[in-house]
Structures are given as structure tokens and as C-alpha cells.
Amino acid sequence: MSLILGIETSCDETGIALVEDGRRVIAETLLSQVDIHRVFGGVVPEIASRKHIEVIYQLTRDTLAQAGLDMASGRQQIDAVAATRGPGLMGSLLVGMGFARSLTWAWRKPFVPVHHIEGHLYAAFLGERVPQFPFLALIVSGGHTQLVYCPEPLRYELLGTTRDDAVGECFDKVARLLGLPYPGGPSIQKVAQTGNPDACHFPRAMRDSDTLDFSYSGLKTAVLYMLRDHPDLPVPDVAASFQRAAVDMLLERTEQAIARTGCERLVVAGGVAANALLRESVQQLGVEVYLPAFRWCLDNGAMIACAAHYRLQAGCADHTLSASADPSLDLICSGQAG
Ligand SMILES: Nc1ncnc2c1ncn2[C@@H]1O[C@H](COP(=O)(O)OP(=O)(O)OP(=O)(O)O)[C@@H](O)[C@H]1O
Ligand SMILES: [Mg+2]
């Protein structure tokens, strides 16, 4: 049995969790700073890192307390401490890495640095149905839109990525254009419920190309021009049409990737995997689909502890505490190397 404390601080969520055997979440706490950053229309890095510093110790104590532990008994019971190494905001990453490394030093336990996107992917392993390798992963978040082939634990082959904006970023930018609050994804999904997805025609980028790459900046610009030329269009109609186009583009590329790789299993992960239309639509792709539970789609500590379980099994702990935070850490290179 392994009990791992996972710490996520790459952006504006402080997430701490205790996960047993990479499957069962024993305790977790999450503090989102979204209300603090909303007035700025996006995350302010300096504010984010300061807030992580303020709360990380107490959240860790609260998480341990949920499991009936304190710092002293945690030292006995917990096998390893993991933290997000990158990508993300440098200041925020440093808070989580520094805190986690201090704990592992004091507890004399292994430290496991984890790639943030690897964490998102392993969120699909929390729960009853665990995906078997190989599988295809569609990673859709605020900073990433990628199709990745995963032949075995901790090995990643990039099949396609965005050439410009990430899909979550596109949701956030379009929400701004529509005057909807940050973060844009949930706001757009909410107003789109009453809108007509056929009201506006938006282009599906690179439809006839045989690349597995994505492009979302054209869609954002198309919404901008639509609003400029038709200012009276109801916001729910524009939101619903945009959401349909954004999801269609993901589905088309994923369908192509399934055909090319012959993969029979698909993992969908990252913040945009919380989108109800996407969750429903991927079920029609004719493969076994694995989606993280809604609460583990966005940044959280459980996904980091889960990924760390597989890293530990592969012998990828940082015993010398020499791994440094890396704001642009690459998933493919991070693989087995840690
Ligand atoms: N229901 C939803 N529909 C569409 N998008 C959503 C939904 N919920 C959240 N999102 C989007 O998910 C993104 C946040 O996801 P996540 O927290 O994984 O991103 P991040 O951590 O900032 O970036 P990354 O994981 O790439 O480093 C935001 O862009 C947000 O708008
Ligand atoms: Mg994320």
C-alpha cells in the first residue's frame, strides 16, 4: 500500500490531497483564488504565489486532519510527498516545490516531482475504472490542447498540439468578448444552455488538413467579427454556436487520431474536460472513454498524488532534492526521466 501527499500550486489553485495506491482519495482540500483574480480578468502571478504561501501550511494540516493525522503521525504513515514541478507560474510552482521538499527532508521520505499535465491525465485513474495502456489522451486545459499517445505508464508520444491558443484559453477570451465573467469555460457553458448552437456559423480550423494539430485563434477572431457585424445577436446564441464549434474541432481531430493509432481507449483530461457538451460528445466516438470525475478535471492535489504513485513505481523519485521548478516543462521529455 502507498499513501502519497500530493501538492498542486502551478496556477491559482492550492490543492492538497492524500491518495492511497493511486486510486483512493483519502482526504483533500482545495483553495481556489478565482474570486481574487476575477476583477483582473485573469490570473495575476504575484498575487497567486503570495496566496499560496499564506494558505499552504494550514491546508496541509487540514488535509492530514481529515485522514486523522497530524504532522507527527503523517511522518509515520505517509510514504512520499509529490508536487507539481511545471509547467505553470514560476512563483506559484516554487511555493509548492519548496514546501513539499521541506516536508520530505524533515520526514526523510521520497520527493516526487510531477508534470502538471501528467497530473491531469492521471486524474482519470482516480476511481473504479482505471484505463489500461495503451490509450490515446486528449488533453484540454487553459494552456494545452494536445493529442498524446500513451503506450505505457510515463511514456508520451505527441501526435498533435495547438499552433496558437489553447482551447480553454479560447473559451476565456471569447467569454471576455461576450462580457461574461472569468473563468470563461463555465460561464459560456452556462449561458449556452439557452442558446441555439446553429445560430452563427463559425469556421472549423484546418478541417481538410491531415495534421493532428489544432488552431483556436481563428475561432476567437471569427467571434470578434461576428459580434462587430451583428451586435444584436443574443449572447446565448453566440455562446452556444462557439461552444459547438470549439467542441467539434476537438472531436474531429480525436476521431482522426483514433483512426490513425487504432487506439481503443480514450482519456480526456484537463479543465475543459469539465465541459458537459464535450463529455457527452466523446461518448459517441466508438471507443472506451475515461473522463476524470468533474471535481478532478480542474487543478487539484489528488491528480498529482495519483501520478506520483506511478512515478514511484517506476523509480522516479528525486532523492537528491535537485529537481527545480520549470515553468515550461515539456511533457514528452519529462516522461520516465522525471
Ligand atoms: N465547463 C467548462 N467548459 C469549458 N471550459 C472550461 C470549463 N470549466 C473550465 N474550463 C476551462 O478550463 C481552463 C482551466 O483548466 P485548467 O485549470 O486545467 O487550466 P490551467 O491549469 O490554467 O492550464 P494548464 O493545465 O494547461 O497548465 C480554463 O481555461 C477554463 O475556462
Ligand atoms: Mg491545469
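Leaving aside neighbours within four places in sequence, which residues is Lys51 in contact with? Keep that in mind while you load the model, which is a predicted one.

**Stop 1: Lys51**

Select Lys51. It lies in helix α2, residues 45–66. Now show Gln33 and Ile36: Lys51 is in contact with these two, once its neighbours within four places in sequence are left aside. Lys51 counts as buried because 21 other C-beta atoms lie within 10 Å, and the cut-off is 20 or more. Next, pick Asp12. Asp12 and Lys51 are 39 residues apart along the chain, yet their C-alpha atoms are separated by 8.5 Å.

**Stop 2: the two domains**

Zoom out and colour by domain. Domain 1 covers 3–122 + 297–334, and domain 2 covers 133–292. Their centres, taken over C-alpha atoms, are 27 Å apart. Select the contact between them: 15 residues of domain 1 meet 20 residues of domain 2.

Stay on the domain 1 side. Show α1 (34–38), α5, α11 (301–313) and α12 (331–334), the elements that give two or more residues to this side. Which element gives the most? It is α5, with three residues. By class, the domain 1 side has ten nonpolar, three polar and two charged residues.

**Stop 3: ligand 1**

Select ligand 1 and the residues around it. There are 25 of them, and the nearest are Gly142, Gly143, Gly168, Gly185 and Gly271. Colour the shell by class: 14 residues are polar, eight nonpolar and three charged. Both domains take part, with at least three residues of the shell from each of domain 1 and domain 2. Now highlight the helices α5 (116–122), α6 (167–177) and α7 (184–192). Each of these supplies at least two residues of the shell.

**Stop 4: helix α6**

Keep α6 selected. Is this helix mostly covered or mostly open? It is mostly covered, with nine of its eleven residues buried. The buried residues are Val167, Gly168, Glu169, Cys170, Phe171, Asp172, Lys173, Val174 and Ala175. Gly168 also appeared at the previous stop, among the residues that come nearest to ligand 1.

Show what surrounds the helix. The buried residues of α6 pack against two strands, β6 (135–140) and β7 (145–150). They also pack against the helices α7, α8 (217–229) and α9 (235–261). Then step just past the end of α6 to Gly179, where phi is positive, at about 75°.

**Stop 5: Thr162**

Step back along the chain to Thr162, in the loop between β8 (157–161) and α6. Is Thr162 buried or exposed? It is buried, because 20 other C-beta atoms lie within 10 Å. Display Thr145, Asp213, Phe214, Ser215 and Tyr216, which Thr162 touches when residues up to four places away in sequence are not counted. Now select His37 as well. The C-alpha atoms of Thr162 and His37 are separated by 26 Å, and the two residues are 125 apart along the chain.

**Stop 6: α7 across α9**

Finish with a helix pair. Two packed helices are described by the angle between their axes and the distance between the axes. Select α7 and α9: their axes come within 8 Å and cross at roughly 115°. The crossing is left-handed. On α7, show Ile188, Gln189, Val191 and Ala192, which make the contact from that side. On α9, show Val235, Pro236, Ala239, Ala240, Phe242 and Gln243. The residues of this contact are eight nonpolar and two polar, with no charged residue.

Key:
Residues are numbered from 1 along each chain as its sequence is written. Chains are lettered from A and ligands numbered from 1 in the order in which they are written. This is a predicted model: local features need pLDDT of at least 70, side-chain atom pairs count only at pLDDT 80 or more; totals for chains, interfaces and linings use all residues. A residue is near a molecule or strand if its C-beta atom, placed from the backbone, lies within 6 Å of it. Helices (H or I, at least four residues) and strands (E, at least two) are DSSP runs, numbered from the N terminus. Ala, Val, Leu, Ile, Met, Phe, Trp, Tyr, Cys and Pro count as nonpolar, Asp, Glu, Lys and Arg as charged, and the others, Gly among them, as polar. Domain bounds come from an automatic or database domain assignment. A residue is buried if 20 or more other C-beta atoms lie within 10 Å of its own, exposed if 12 or fewer, and partly exposed in between; C-beta atoms are placed from the backbone. Two residues are in contact if their C-beta atoms, placed from the backbone, lie within 7 Å. Axes are lines fitted to C-alpha atoms, for helices over the stretch in contact, and angles run from 0 to 180 degrees between N-to-C directions. A crossing is left-handed if the near helix is turned anticlockwise from the far one by less than a right angle, and right-handed if clockwise.
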